[in-house]
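Please look at the sequence and the structure below, and follow the chain through its helix contacts, its cysteines and a few individual residues.

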Amino acid sequence: MQQDATTGIRGGGFSRFVAADYVELTMHFKCNLKCEHCMIEDTMDWLKPESVDDFERVLALNAQRKQWKGIVLTGSEVTLRGDLPELARRARDSGFEHVRIQTHGMRLMDPAYCRELVDAGVDEYFVSVTAADAPTHDAITGTRGSFDRTIQGLENLDSIPGVTSMTNTVVTQRSYRQLAQVVKRLGHLQRLAQMEFWSYWPMRERDDKNLIASHLDVLPYLREAIAAARALGRGVAVKNFPECLLGEDREALDNTQPKLIIDPEFWPEFMRNGFHQCIHRSYCGSNSCLGLNTAYVNSHGWHADVLVPFPRER
């Protein structure tokens, strides 16, 4: 039922959150957006969410062992689950210090729903913001009006004491030029503690949608976004990007993830990504980098002339 896809990977120095402090449960596999970069779009119809009994077992385990400080409730769009406030309440009552949800944020545009979640114990919100403007975001999500709803949701959260928000922007051919603009667009939010930038992967061997952007093209935009977020005092986490390309920003790389509890049928599909591919892999000393994946290599090659191995530690 559970597997850590990044065992042995250390956390990034720019991140404010320690992944090992959290356990993540997939509690819902339905969504009301059609994001073109959704990595589980081909599996949502048959993956099974964790049952209430599974959820209760995790609560009981943590109450006994105090293994995790926080729990992340996720899936495709977990706010579509009607008993989400009750799940949060149960997690807090069992001793979890933090309850986080991963969401596209549209339902958070309702102030009453935000307050209901906060009152139930949800104090951390990991919100997907795909681009810096409504036309681009809405085109990526396949839903007109989704950008305005998500921004309103973040602003609603920003008005509630005790709330911490985070954002995730998936880096694709459609979004990478807007990364710094995303930071600027959200610059007014006072409770936004961390911004994450995840390089897209399709969970298959080829990029049939032509969404994978070349790391070389992305790099200047990504570095600008990292600098802008840090200038605002925010944590930063970059996922699935070669460490050696980041240069002085390499500490932003954080490929760690919470312990994920998910339908075990997910893992054979996930492993099709083929991470850790690099011409320098056999002698590179990095313990943070996931290298390249199969779909990336098929789209953009090995970058043999620009990737540089780190020396091994003695």
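In this predicted model, a good place to begin is the contact in which Phe 55, Glu 56 and Leu 59 of helix α1 meet Leu 87, Arg 90 and Ala 91 of helix α2. Sorted by character, the residues of this contact of α1 with α2 comprise four nonpolar and two charged ones, with no polar residue among them. In general, a pair of packed helices is described by two quantities, the angle between the axes and the distance that separates them. For α1, which spans residues 52-65, and α2, which spans residues 84-93, the angle is about 20° and the axes are 9 Å apart. Because angles under 35 degrees count as roughly parallel, α1 and α2 are roughly parallel to each other. The handedness of the crossing of α1 and α2 is right-handed.

A second helix pair gives another geometry. The axes of α4 and α5 come within 7 Å and cross at roughly 105°, and since angles of 65 to 115 degrees count as roughly perpendicular, α4 and α5 are therefore described as roughly perpendicular to each other. On the α4 side of this contact stand Ala 134, His 137, Asp 138 and Thr 141, and these meet Ser 146, Phe 147, Asp 148 and Thr 150 of α5. The residues of the contact of α4 with α5 divide into two nonpolar, four polar and two charged.

Helix α4 itself covers residues 134-141, and its buried residues are Thr 136, His 137, Asp 138, Ile 140 and Thr 141. What do these buried residues of α4 pack against? Their partners are strand β5, residues 124-128, and helix α5, residues 146-158. Just after α4, the backbone at Gly 142 takes a positive phi of about 70°.

Positive phi values also occur at residues that are not glycine, and two cases can be set side by side. Met 203, which is not a glycine, has a positive phi of about 55°, and Met 203 lies in the loop between β7 and α7, the latter being residues 215-231. With a relative accessibility of 5%, Met 203 counts as buried. Asn 240, likewise not a glycine, has a positive phi of about 60°, and this residue is found in the loop between β8 (235-239) and α8 (243-246). Asn 240 is also buried, its relative accessible area being 4%.

The cysteines deserve a separate step. How many disulfides does a search of the whole structure find? The search of the whole structure finds zero disulfides. Cys 35 is in no disulfide, and the nearest cysteine sulfur, belonging to Cys 31, is 6.1 Å away. A disulfide is a covalent bond between the sulfur atoms of two cysteines, and the cut-off used here is a pair of sulfur atoms within 2.5 Å. In the case of Cys 114, the closest cysteine sulfur is again in Cys 31, at 17 Å, which is too far for a bond. Both residues are buried, Cys 35 with a relative accessible area of 16% and Cys 114 with a relative accessible area of 0%.

The remaining stops concern single residues and the partners to which they are linked in space. Phe 29 is found in the loop between β2 (22-28) and α1, and at 5% relative accessibility Phe 29 counts as buried. Although Phe 29 and Leu 47 are 18 residues apart along the chain, their C-alpha atoms are separated by 7.1 Å. Leu 192 has its place in strand β7, residues 192-199, and counts as buried at 4% relative accessibility. Its C-alpha atom is separated by 9.0 Å from that of Val 163, which is 29 residues away along the chain. Leaving aside neighbours within four places in sequence, Leu 192 is in contact with Asp 158, Ser 165, Met 166, Thr 167, Leu 186 and Arg 234.

Phe 310, finally, has its place in the segment after α10, which covers residues 294-300. Once the neighbours within four places in sequence are set aside, the residues in contact with Phe 310 are Glu 243, Cys 244, Arg 250, Tyr 283, Cys 284, Gly 285 and Ser 286. From C-alpha to C-alpha, Phe 310 and Phe 147 are 40 Å apart in space, with their positions 163 residues apart in sequence.

Conventions: Residues are numbered from 1 along each chain as its sequence is written. This is a predicted model: local features need pLDDT of at least 70, side-chain atom pairs count only at pLDDT 80 or more; totals for chains, interfaces and linings use all residues. Side-chain values use heavy atoms; hydrogens and water are left out. Buried means under 20% relative accessible area, exposed over 50%, partly exposed in between (1.4 Å probe, protein chains only). Axes are lines fitted to C-alpha atoms, for helices over the stretch in contact, and angles run from 0 to 180 degrees between N-to-C directions. Helices (H or I, at least four residues) and strands (E, at least two) are DSSP runs, numbered from the N terminus. Angles under 35 degrees count as roughly parallel, over 145 as roughly antiparallel, 65 to 115 as roughly perpendicular and the rest as oblique. A crossing is left-handed if the near helix is turned anticlockwise from the far one by less than a right angle, and right-handed if clockwise. Contact means heavy atoms within 4.5 Å. Ala, Val, Leu, Ile, Met, Phe, Trp, Tyr, Cys and Pro count as nonpolar, Asp, Glu, Lys and Arg as charged, and the others, Gly among them, as polar.
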